[in-house]
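Biologist: Please show me the structure, and then I will ask about the ligand and what surrounds it.

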Amino acid sequence: MILIGVLLLGAAVAIAASMLHGGLSAKATPTRLEAVLARNARHLAIPGNARLTQNPVLDSPEGQREARLHFADHCAICHGNNGSGDTPIGNGLYPKPPDLRKPQTQELSDGELFWIIENGVRFTGMPAFSSNGNHTSANHGNGQDSWKLVHFIRHLPYLTSTERLEMERYNPKGPEERAEEEEENEFLNEATPKAKSESQVHKRK
Ligand code: HEC
């Protein structure tokens, strides 16, 4: 009994030390032990039937484009347009968003990816995006947006530079970038009045 008690205490101390390192600063990176425990806990917390759900939305170029721009607007601030997670906000989170292109994420089932997008991950920066969450499009109600995002996550390892450049135009912008863009537009407007109205129509889409 005493031996078991000592072993349990040792394990508790190891886990606590593994989680409390770095003075609880979010700049630290989780230890391997903590990452493995958290990943397994998350896996177990996702209901089995949710993990096995198949993607009901067909993959299509239109769906991909919609999800790509949606990702640029809602997700890239943490995950980056390319899914690397190497962004100022992503790097400041604990745990940091993983590289979505890597096997660790790609090996999750469609149902598991969907569940994570809809419900978020508690104790992390990953928000829930279900209907009462942050998605805004009209067809969100039945999770369509999230299923399209699952297709897009599968495509991330093969993202082309043209797609990435398109996404950059849809990333949320700060006041400085906006002002700069307006100046550019004004300049273009003076040069060729027609070209401006066309480029503006294009942008509103
Ligand atoms: C505020 C920052 C933030 C935003 C915005 C965000 N995420 Fe995340 N995301 C995270 C963090 C942090 C994790 C890591 C969670 C963990 O360790 O369990 C994560 C994890 C994930 C995962 C699981 C990957 C894995 O292998 O564990 C998926 C899938 C994901 N996010 C998709 C999205 C999508 C799609 C959006 C936009 C609709 C989004 N995220 C928006 C921070 C964010």
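Biologist: Which helices each supply at least two residues of the shell around the ligand?

Modeller: This is a predicted model, in which local features need pLDDT of at least 70, side-chain atom pairs count only at pLDDT 80 or more, and totals for chains, interfaces and linings use all residues. Residues are numbered from 1 along each chain as its sequence is written, and side-chain values use heavy atoms, without hydrogens and water. Helices are DSSP runs of H or I with at least four residues, numbered from the N terminus. Those that each supply at least two shell residues are α2 (32–45), α5 (76–79), α8 (110–119) and α9 (144–155).

Biologist: How many residues surround the ligand?

Modeller: A residue counts if one of its heavy atoms lies within 4 Å of the ligand. The closest are C75, C78, H79, T105 and M126. In total, the number surrounding the ligand is 24.

Biologist: Which residues coordinate the iron atom of the ligand?

Modeller: Donors are N, O and S atoms within 2.8 Å of the metal (3.2 Å for Na, K and Ca); water is not among the atoms, so sites may look incomplete. At 2.0 to 2.2 Å, the coordinating atoms are NE2 and SD, from H79 and M126 respectively.

Biologist: Where in the chain do H79 and M126 lie?

Modeller: The pair links distant parts of the chain, 47 residues apart. H79 is in helix α5, and M126 is in the loop between α8 and α9.

Biologist: Is H79 buried or exposed?

Modeller: Buried means under 20% relative accessible area, exposed over 50%, and partly exposed in between (1.4 Å probe, protein chains only). The relative accessible area of H79 is 12%, so H79 is buried.
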